[in-house]
Amino acid sequence: MSRPTGSHGSTSPAGSMGSTGTAGLAGAREAAAEAAVPPGSPMAARVVDAAKVYGTGDAEVRALDGVTAGFPAGRFTAIMGPSGSGKSTLMHCAAGLDTLTSGTAYIGGTALGELNDRQLTLLRRERIGFVFQSFNLVPTLTVAENITLPIDLAGRRPDTAWVDALIDVVGLGERLLHRPSELSGGQQQRVAVARALAGRPDVVFADEPTGNLDSRSGGEVLDLLGRAVREMGRTVVMVTHDPGAAAHADEVVFLADGRLVDRMAAPTAERVLDRMKAFDGRQPSRPGDGRHGSAGGSAS
Ligand SMILES: Nc1ncnc2c1ncn2[C@@H]1O[C@H](COP(=O)(O)OP(=O)(O)OP(=O)(O)O)[C@@H](O)[C@H]1O
Ligand SMILES: [Mg+2]
């Protein structure tokens with residue numbers, strides 16, 4: 001049901017990144033990972049001196065404490081760090097879902113802080129896609145309607161060839177008239193990824209998109225995000241606690257205590273796990289399991 005790796009629809013703007021021939025995705029991944037991002041590469045999203053403070057006085061939490069980070073266009077970046085280290089905050093502020101206390105967030109060349117509410121809403125609609133841990137599909141709509149919902153809400157005409165190519169990539173062509181409750185978790189999340197990509201956004205932000213999935217379904221979602229980058233030329237920024245998931249990215253940025261503490265190109269699960277252990281000498285914690293990292297002011 002899935003197309004051969006390395007081939008892509010005529011609507012794909014992948015350019016050279018998609019021309020992997022028989023080497024397929026693995027070859028493309030290695031090539032992309034080995035090629036360091038040249039200085040001056042365009043950034044799809046970026047934050048400069050980003051600070052986010054919640055609460056005041058004794059209740060004050062510095063969720064972000066001077067983070068400067070860029071997410072290169074056409075790349076897959078993972079964000080990792082202990083629970084409470086500021087990953088979701090960084091993603092929400094970079095995506096214009098929340099505002100910084102100080103510093104600047106950019107989508108492309110646009111500084112989000114300079115936009116009014118209406119402009120920000122339009123920018124989010126047209127240039128950004130989101131995938132959340134809890135799939136957030138509309139239960140009363142079909143798969144097809146869920147996928148085109150953001151385009152419909154924006155009053156735009158769907159690019160049918162692109163949407164068809166997406167449906168092909170997510171492998172849910174036979175499920176288009178089903179409702180979310182009739183799908184597995186992995187299938188629902190694949191719909192959510194297709195929805196995030198449907199409007200051809202510049203950048204897709206995904207906050208623990210595999211957090212509620214078993215490893216097989218999670219793997220399908222990660223493959224899909226990888227294909228969005230390598231075959232469709234999109235930019236993906238993904239928060240994850242899973243070193244195996246992070247290994248799908250071209251680069252991992254590590255947060256601790258609201259600060260960017262490291263970046264790793266061409267990550268492997270083993271290297272990411274080693275790096276995570278170095279945070280506090282423990283395995284990476286998962287939200288809700290009571291094993292929080294050493295981040296001060298964490299939610300524990
Ligand atoms: N709305 C809020 N009000 C007050 N504090 C908040 C709020 N949102 C987040 N925080 C705090 O900011 C810090 C960073 O939270 P954030 O959700 O970004 O962490 P995270 O790295 O995504 O953690 P997790 O891995 O558990 O999802 C935490 O200490 C958290 O308690
Ligand atoms: Mg989070």
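**Exercise 1.** State how many bridges join strand β1 to β2 and in which sense the two strands run in this predicted model.

*Solution.* Strand β1 covers residues 43-54. Nine bridges join β1 to β2, and the two strands run antiparallel. As an example of facing residues, A45 stands opposite F71 in β2.

**Exercise 2.** Determine which strands stand at the edges of the sheet that contains β1 and β2, and explain why one side of each is left without a neighbour.

*Solution.* Begin with the strand order: this open sheet of four strands reads β2-β1-β4-β5, with antiparallel pairing. Next, consider the edges: β2 (61-72) and β5 (110-111) each have a single partner strand, so one side of each lacks a neighbour in the sheet. Finally, add the helix: α2 (residues 87-94) lies across β1, β2 and β4 (102-107), and runs at about 120 degrees to β1.

**Exercise 3.** Describe the open sheet formed by six strands: its order, its edges and its twist.

*Solution.* The order is β6-β7-β8-β3-β9-β10, and the pairing is mixed. The edge positions belong to β6 (128-131) and β10 (259-265); each has a single partner strand, so one side of each has no neighbour in the sheet. From one strand to the next, the twist averages 20 degrees.

**Exercise 4.** Identify the sense in which β9 and β10 pair, and the bridge partner of L255.

*Solution.* Strand β9 (residues 251-256) pairs with β10 in the antiparallel sense over six bridges. The bridge partner of L255 is L260, in β10. Helix α6 (residues 185-198) packs on the sheet, where α6 touches β6 and β7 (203-207); the direction of α6 makes about 170 degrees with that of β6.

Terms used: Residues are numbered from 1 along each chain as its sequence is written. Chains are lettered from A and ligands numbered from 1 in the order in which they are written. This is a predicted model: local features need pLDDT of at least 70, side-chain atom pairs count only at pLDDT 80 or more; totals for chains, interfaces and linings use all residues. Two strands pair if DSSP finds at least two bridges between them. Axes are lines fitted to C-alpha atoms, for helices over the stretch in contact, and angles run from 0 to 180 degrees between N-to-C directions. Two residues are in contact if their C-beta atoms, placed from the backbone, lie within 7 Å.
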